[in-house]
Amino acid sequence: MDNATLARLLDETAALLEIDSADPFRIRSYRRAAEAVEQQTQPLAGMIDDPKQLQTIGGIGKGMAANIVDLVRTGSMPLRDELLTKYRPSMLELLRLPSMGPKTVALLWSALQVSNIDELEAAAKAGHLNTLPRFGQKQVDKILKGIEDHRKNTGRFRIDVAEDWADRIAALIREFPGVETITYAGSLRRGRESVGDLDLLVTGPACEPAVVSAAVEHVAALPIISQLLAKGQNKVSFTLRNNLQVDVRLLPRASYGAALQYFTGSKMHNVTLRQRAIRMGYTLSEYALARIEPEEGQNPIVAGATEDEIYGALGMQCIPPELRENCGEIEAAIKHELPSLITLADIRGDVHMHTVATDGTCTIREMAEAALARGRGYIAITDHSKNLAMTNGLDDARAQEHIRAIRQVDAEMEGRIRVFAGIEVDILQAGDLDLSDETFAQMDVVVASVHSHFQLPVEEQTERILRALENPYLQILGHPTGRKVLKRDAHHYDLHTVLKRCVELGIAVEHNAAPARADLSDSNLRLAKELGCKISVNTDAHAVADMDRLRFGITQLRRAWLTKADVLNTLEADAFLASLRPRP
DNA sequence: GCCGTTTTCGGCCCGACTGTTTTCAGTCG
């Protein structure tokens, strides 16, 4: 059983406990444990013979360790089994509907034996819901609308898509006079690969309490709104036509930092931070950090205008948003030991991209110029080899011709940017690398990617990859820490084994900067770092514009606590080539 | 169920909005 499954089962148990009206603190323990499990880089299933080892993880004590042992051994645990005799697993899906919380789900079950979405819809349409306490027609309509939306769109939004929408909304809000600053908070600011909703924080003279209502009205009337969900004194919530939910908050300058801190989250990060505040005699809210018991004539407000101020008053470094996941960043910030995270400006080269020779849409020269314009010092053109036939992959003859064309452009650029010749070969498709040694020998950079085009057992896929790694020309393993394999095809090969072999052979692993649809790669990146892998972040650009997504890749590296020193292509061109695996 | 600068019990984060209330429970972030 992998960590993601363990985490899901613990989280489900928490939800069932909620429906069961259990002790809220016990529920929180299960939630905390689920998050802790998800963030582990080592598979917990391998630790069950030594529960003491499990207990070294924060949030996992004696009881939770026993639960994990049970889950791994039997696939379930006593508490979960007991809850499932009282409730149905499908009720967890109900919790995802808007305005449906544990109390309502429990009520629906006890009063109407409603346990899933279809039954809920039927009950609503039959008018049964109106017989329940606190259920008016408005509530029923809301639920029916919620069901409809849920069926239309259940997923999260990719970070680049979400950011696009945020930009458009921000531009509309900015038309209102007196709006000065708009910041994206929430998971978008933390750089999650996917976000569930948008949190926009707005400030400026128009947001001061005396005048804010006009600005609120402006936001609530934006033409982009599909459905207005809520409108308060300084908050507007709405959905877009694509069902993306947007929360806009308009705040005075004085509390902007506190609000930004608060709405950036994550939730668990905030909880831990507030616990610290209380121990120090403060209380932290979205309005300010304040003294709990101010002395006579003392201003209770300690900080609020900036995040720096707030973290500073709590005796710690200001924590970069990407790290705020309650996985050790608070302890590190207290000791002033936060790493100096990698930034976009640290990246010197991009060594995975395609041209019109295979499935790209731009020429070598266009890619070189575009990379130069973005401040890169070198690139590698790595078109596909012939086994990826649908991309018009290169055979030996075309590959060699392509190398000559690349050398030509390199010369034309006159040293303003270096253009290296490379190739991307597909390990699983080939089972081996499919060009001649002679061709490989002429390449500057050889990237091998794991495209899982067909379904093989985990063992066999892993075996094939390990075999391919033995090819002495292979220098960078593409896609091992990105989504392509690890989320959609989560179990298609044994990452741990493959990464370890890469370290032994000196093969770097690639973090693909293309924004993914899922949200798993930071723990795999941490694993790669822990194992001592060399890491290269590349855009896999198929067009000039794709190069801009490097910043999304950097965000993921930051989430994994990586520094400049952890990433190979922060080096200058010569040093980069020298640090690749030496070839025969 | 976890945890410890008040340590092995007694705590555990905070506020806004909605709907259906005639004083608040539930949901949400």
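These questions and answers concern a predicted model.

User: Into which domains is chain A divided?
Analyst: The assignment gives four numbered ranges along chain A. They are domain 1 (3-152), domain 2 (157-251), domain 3 (257-334) and domain 4 (344-579).

User: How far apart do the C-alpha centres of domain 1 and domain 3 lie?
Analyst: Domain 1 covers 3-152 and domain 3 covers 257-334. The separation between their C-alpha centres is 30 Å.

User: What radius of gyration does chain A have, against that of a compact globule?
Analyst: The C-alpha atoms fill a box of roughly 80 × 60 × 50 Å along the principal axes. For 584 residues, a compact globule would have a radius of gyration near 25 Å. The value for chain A agrees with this, at 27 Å.

User: What share of the residues of chain A count as buried?
Analyst: A residue is buried if its relative accessible area is under 20%. Chain A exposes about 24,900 Å², of which carbon and sulfur atoms supply 50%. Of the 584 residues, the buried share is 54%.

User: Which residues have the most contacts inside the largest nonpolar core?
Analyst: In soluble globular proteins, nonpolar side chains tend to be buried together. Here the largest nonpolar core has 62 residues. Another core, of 52 residues, lies apart from it and includes A22, L94, M100 and I147. Within the largest core, the residues with the most contacts are V419, L469 and L557.

User: Which residues does L469 touch, leaving out those up to four places away in sequence?
Analyst: L469 is one of the residues with the most contacts inside the largest core. A contact requires heavy atoms within 4.5 Å. With sequence neighbours up to four places away not counted, L469 touches L474, L477, V498, R501, C502, L505, I507 and R581.

User: In which sense does β4 pair with β2, and in which with β7?
Analyst: Strand β4 spans residues 197-203, and six of its seven residues are buried. With β2 (residues 181-184), β4 has four bridges, and Y184 stands opposite L200. With β7 (residues 245-251), β4 has seven bridges. The pairing with β2 is antiparallel, and the pairing with β7 is parallel.

User: What is the bridge partner of L201 in β7?
Analyst: β4 includes L201, since its residues run 197-203. β4 and β7 pair over seven bridges. In β7, the partner of L201 is R249.

User: How many helices and strands does chain A have?
Analyst: Among the strands are β2, β4 and β7. The full count for chain A is 26 helices and 17 strands.

Methods:
Residues numbered from 1 in each chain as written. Chains lettered and ligands numbered in written order. Predicted model: local features only at pLDDT ≥ 70, side-chain atom pairs only at ≥ 80, totals over all residues. Heavy atoms only, no water. Core = buried A, V, L, I, M, F, W, Y, C linked by side-chain atoms within 4.5 Å. Buried < 20%, exposed > 50% of the residue type's maximum accessible area, 1.4 Å probe, protein only. Domains from an automatic or database assignment. Helix = DSSP H or I, 4+ residues; strand = E, 2+ residues; numbered from the N terminus. Rg over C-alpha atoms; globule rule 2.2 N^0.38 Å. Areas by Shrake-Rupley, 256 points an atom, 1.4 Å probe, with all protein chains shown as cover. Pairing = 2+ DSSP bridges.
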